[in-house]
Structure formats: C-alpha cells, structure tokens
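I'm opening a fresh notebook page for this one. Below is what I looked up, in the order I went.

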Amino acid sequence: MVPESRFDPLDLTGLQPFAQGSNRLCFQHPDDSDRCLKVIRPENIEARFKRQSKLKNLLGKQRLNDNIQELKAHRQPALMQLDADTQGSHLPQFYGSVETSLGQANESELIRCADGHVAPTLEALIRHQNLSPELTKAVDQFLAWLRQTRILTRNLLPHNLVVSDRSGQPQLFLIDGLGAPTIPQALASVPGWSTHYIERKIARFRKRLAWEQNNEDLSWEDFQRLR
Ligand SMILES: Nc1ncnc2c1ncn2[C@@H]1O[C@H](COP(=O)(O)OP(=O)(O)OP(=O)(O)O)[C@@H](O)[C@H]1O
Ligand SMILES: [Mg+2]
C-alpha cells in the first residue's frame, strides 16, 4: 500500500457528517476526534446566487462562500490582538483551511461536553422553554465577552452557538457567524462605531431568544415587526 503523503487531500469518503447547516457539512476529523472539518455544500452557493439581485451578483460568488468569509473573519484586528485564553473562552480554536476529498474545509475545534458528546446548540436547549438561571448566566457572560473584546459578528443565532459544560458550568461557543460585511468591518476603527454595531447585534439576539422561546405561532419576521 502507498503511504498517504501529508500533501494528499484528507479522504472523507464514506464518512457521515455529525451535523450540517444550510451552507456546510460538518465532519469529525478522521485523525482527531477533537477537531471538525466544515465543507461547503456547493448547491447552496448556486441557489443563493440565483436568489440575490443582479447587482449583488456583480460582487461574485466568493462572498457567498462561508469558509472564505470565515477565514477573513479570523483576521479581524479585534480577534488577532486577543490572547489565546480570552479567544478560547467563547470561540473554538481555529486551524485554517485544509484540502479534503470534498473540497477545501475549514478546520476547527469540535466542542464537546464533559461526557464527550458533541455540545448541543443553544437553539436545541431553549426551544419553547425558559432559559434556566445557569443558561441565562452563560448568555450574559458571552455577551459581556463580545462587548469587552469588540469582536464583530454577523447576526447572532441560537443555532450558531453551542453550549458546553466542560468547564463545570454552561459556556457558550460561537461556532459560526464570526465577522462582518466589508463596510462594517472597515468602519470598525471609527470611534464608537463598533460599540454601536455590537449593541445592535446584541439587541437583535435578545429578541431572537424571546422568539425561540415563544409559544405563539408567529414567524420571526412577524415577531420582529410586532414586538
Ligand atoms: N465546532 C463545533 N463544535 C460542535 N458542533 C459544531 C461545531 N461547528 C458546527 N457544529 C454543529 O454543526 C452545525 C452546522 O455548523 P455551521 O453552523 O458551521 O454550518 P453552516 O452551514 O455554516 O450554518 P448556517 O446554516 O448557519 O449557515 C451547528 O449548528 C452545530 O450544531
Ligand atoms: Mg450555522
């Protein structure tokens, strides 16, 4: 048998993703159970491209590739100047891009719970039920960290946060949605601007949490309009 060279793409043939979002499939790394590999679902880039306006199409397909956007997001100044402990308190470690049999993957820490299971999303924990006092505290700690670090994020969504008890108490990790569109990112150094941006994201997130827990049959759009 020919030994695999470290330059060969990682072979994901026959592996089942442990989870997926609308844009990416998530695999456990075949050589390291504490890492995950996220590959793009190309059909979704095509579908998004077709859905958006002709004007936006002029900006190209790269901006619809969440892996490329995530690589950029990790280079934002607020994040690069943080020490590893502060970063690691609410972000999985990020290892960059790696070639696989399913195309380029972003490799990052796979967040697990103390018992070894993959950490559940905040969405799964709060759907139609009240936040427990422990989870409320974990949410507040995460939001305080965002304010303190001034890391820019996209809209904060409960399915993009996972909750781990590995430190002995619930801790939120943002596993998707880091970064900001080009213009907001460029304005980040303008005094007061990033604070304003982050406060808007936090206010929207609080509303989203209220909606996720709401038992009335309101769509997110209607909930935003009416509340
Ligand atoms: N580092 C991680 N640790 C544990 N679970 C993870 C991790 N990354 C992703 N997941 C799980 O995989 C799911 C999909 O991942 P992710 O959100 O990155 O995909 P996506 O397609 O980019 O999502 P979206 O639909 O929000 O665009 C998450 O909701 C979460 O359940
Ligand atoms: Mg996601």
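**Entry 1: helix H7.** I'm working from a predicted model here. I began with helix H7, residues 133-149, and checked its length against expectation. At 1.5 Å a residue, its 17 residues should span 24 Å, and the end C-alpha atoms are 24 Å apart, which agrees.

Next I asked myself: which residues of H7 are buried? I found Ala-138, Val-139, Phe-142 and Leu-146. Looking down the axis of H7, I see the buried residues fall within an arc of 100°, so they line one face of the helix. I reminded myself that an α-helix has 3.6 residues a turn, so residues three or four places apart point the same way.

I then turned to the face of H7 that points away from the buried side. Exposed residues sit there: Pro-133, Glu-134, Asp-140, Ala-144, Arg-147 and Gln-148. As for what covers the buried residues of H7, I noted strand S6 (161-164), strand S7 (171-174) and helix H9 (193-213) among the elements included. Just after H7 comes Arg-150, and I jotted down that its phi is positive, near 60°.

**Entry 2: the core.** I went looking for the largest nonpolar core and found that it has 30 residues. Which of them touch the most other members? They are Leu-161, Val-162, Leu-172 and Phe-173. I listed the elements that give two or more residues to this core: strand S2 (24-29), strand S3 (32-40), H7, S6 and S7. In soluble globular proteins, nonpolar side chains tend to be buried together.

I picked Leu-161 for a closer look and left aside its neighbours within four places in sequence. Leu-161 is in contact with Thr-121, Leu-122, Leu-172, Phe-173, Leu-174 and Ile-175.

**Entry 3: the five-stranded sheet.** I traced an open sheet of five strands in the order S1-S2-S3-S5-S4, with antiparallel pairing. Why is one side of S1 and of S4 left without a neighbour in the sheet? Strand S1 (19-20) and S4 stand at the edges, each with a single partner strand, so there is nothing in the sheet on the other side.

I followed both edges. S1 pairs with S2 in the antiparallel sense over two bridges, and Ala-19 has Cys-26 in S2 as its bridge partner. At the other edge, six bridges join S4 (residues 94-100) to S5 (residues 103-109), again antiparallel. I found Ser-97 opposite Asn-106 in S5. S4 and S5 form a hairpin, with two residues between them.

**Entry 4: helix H3 on the sheet.** I saw helix H3, residues 66-73, lying across S2, S3, S4 and S5, and running at about 45° to S5. I looked up its buried residues and got Asp-66, Glu-70 and Ala-73. Seen down the axis of H3, these fall within an arc of 60°, so they line one face of the helix. S2, S3 and S5 are included in what covers them.

**Entry 5: Tyr-197.** My last stop was Tyr-197, which lies in helix H9. I wanted to know: how many other C-beta atoms are within 10 Å of Tyr-197? I got 18, which makes Tyr-197 partly exposed, since a residue needs 20 or more to be buried and 12 or fewer to be exposed. Leaving aside neighbours within four places in sequence, I have Tyr-197 in contact with Leu-152 and Pro-184. I also checked Tyr-197 against Ile-175: the two are 22 residues apart in sequence and 20 Å apart in space, C-alpha to C-alpha.

Note on methods. Residues are numbered from 1 along each chain as its sequence is written. Chains are lettered from A and ligands numbered from 1 in the order in which they are written. This is a predicted model: local features need pLDDT of at least 70, side-chain atom pairs count only at pLDDT 80 or more; totals for chains, interfaces and linings use all residues. Two strands pair if DSSP finds at least two bridges between them. Helices (H or I, at least four residues) and strands (E, at least two) are DSSP runs, numbered from the N terminus. The expected span of a helix is 1.5 Å times one less than its number of residues. The arc is that of the directions from the helix axis to the C-beta atoms. Two residues are in contact if their C-beta atoms, placed from the backbone, lie within 7 Å. A nonpolar core is a set of buried Ala, Val, Leu, Ile, Met, Phe, Trp, Tyr and Cys residues joined through C-beta atoms within 7 Å. Axes are lines fitted to C-alpha atoms, for helices over the stretch in contact, and angles run from 0 to 180 degrees between N-to-C directions.
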